[in-house]
Amino acid sequence: MSVNIAILNGPNLNLLGKREPEIYGSTSLNDIEKNLIDSISGKDITLDFFQSNKEYELVDKIQALINKEDQFIIINPAAFTHTSVAIRDALLATKIPFIEVHLSNIHAREEFRKTSYFADIAMGTISGLGANGYLLALNHFVSLSK
Ligand code: CA2
């Protein structure tokens, strides 16, 4: 089965590897994307990467995936994790199975980061495993598609 996996990243994740490596690691978003591409080599899987600092662009991107066959989403909503009813509603509307990924352990940080607008509607959440979290989420979808 051929599958499409959108990897969506929210605000400031374009700075990965350039700022605050003690929290978010030294791997850039580009490096993460390259690792994911390498990991699906030879498989019938299409990856679609998208990062935006703007909430409405993430909503538009999710809406554009409505009605696509064999579609999955890996999303790190970044700061929108803790605020965005709009992105939550877009994901609910598409009914596309998604995994929520966080580089840091959001439960081991400030109180406000412990609330996620996505955790209860996600297939699962990976938090605190750094860049490896994206790979683990991708592997999960790959295993489902076999
Ligand atoms: O741990 C995560 O992946 C977060 O989603 C990252 C968000 C944060 O607001 C969430 O609470 C947890 C922040 C992303 C900011 O990324 C930066 C990367 C490098 C330098 C500065 C910010």
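Helices (H or I, at least four residues) and strands (E, at least two) are DSSP runs, numbered from the N terminus. Y134 belongs to helix 5, which covers residues 132–144.

This report concerns a predicted model, in which local features need pLDDT of at least 70 and side-chain atom pairs count only at pLDDT 80 or more, whereas totals for chains, interfaces and linings use all residues. Residues are numbered from 1 along each chain as its sequence is written, and side-chain values use heavy atoms, with hydrogens and water left out.

**Ligand site**

The ligand sits in the largest pocket. A pocket is here an open set of points on a 1 Å grid over the protein atoms alone, where a 1.4 Å probe fits, with protein on both sides within 12 Å along at least five of seven lines. A molecule sits in a pocket if more than half of its atoms lie within 2 Å of the grid points of that pocket.

Around the ligand there are 17 residues, of which N76, H82, L103, S104 and R113 come nearest; a residue is near a molecule if one of its heavy atoms lies within 4 Å of it. By class, the shell around the ligand holds nine nonpolar, five polar and three charged residues. In this division Ala, Val, Leu, Ile, Met, Phe, Trp, Tyr, Cys and Pro count as nonpolar, Asp, Glu, Lys and Arg as charged, and the others, Gly among them, as polar.

Oxygen atoms of the ligand pair with polar atoms of H82, L103 and S104. For H82 the partner is an N or O atom in the side chain, at 2.7 Å. For L103 the partner is a polar backbone atom, also at a distance of 2.7 Å. For S104 a polar side-chain atom lies 2.5 Å from a ligand oxygen. The protein buries 94% of the 500 Å² that the ligand exposes when taken alone; accessible areas come from the Shrake-Rupley method with a 1.4 Å probe, and for residues only the protein chains shown count as cover.

Two residues of this site, S104 and R113, are found in the loop between strand 4 and strand 5. S104 is buried because its relative accessible area is 9%, the class being defined as under 20%, with exposed over 50% and partly exposed in between (1.4 Å probe, protein chains only). R113 also counts as buried, at 17% relative accessibility. The side chain of R113 is joined to that of E110 by a polar contact of 2.6 Å. A polar contact is a pair of N or O atoms within 3.5 Å; within protein, one must be able to donate a hydrogen and the other to accept it, and residues adjacent in sequence count only if both atoms are side-chain atoms.

**Contacts across the sequence**

Three pairs of residues are separated in sequence as follows.

| Residue pair | Separation along the chain | C-alpha to C-alpha distance |
|---|---|---|
| S104 and L129 | 25 residues | 6.8 Å |
| T46 and S2 | 44 residues | 7.9 Å |
| Y134 and I7 | 127 residues | 8.5 Å |

T46 lies in strand 2, residues 45–51, and is partly exposed, with a relative accessible area of 42%. Y134, by contrast, counts as buried at 0% relative accessibility.

K61 lies in helix 3, residues 55–63. This lysine is buried, its relative accessible area being 18%, and its side chain makes a polar contact of 2.9 Å with that of D48.

**Backbone conformation**

Most residues other than glycine have a negative phi. N12, although not a glycine, has a positive phi of about 75° and is found in the loop between strand 1 (3–9) and helix 1 (21–24). K95 likewise has a positive phi, near 60°. K95 lies in the loop between helix 4 (85–94) and strand 4 (98–102), and counts as exposed because its relative accessibility is 69%.

Terms used:
On a 1 Å grid over the protein atoms alone, a cavity is a set of points where a 1.4 Å probe fits but cannot get out, and a pocket is an open set with protein on both sides within 12 Å along at least five of seven lines; lining residues have an atom within 4 Å of a point.
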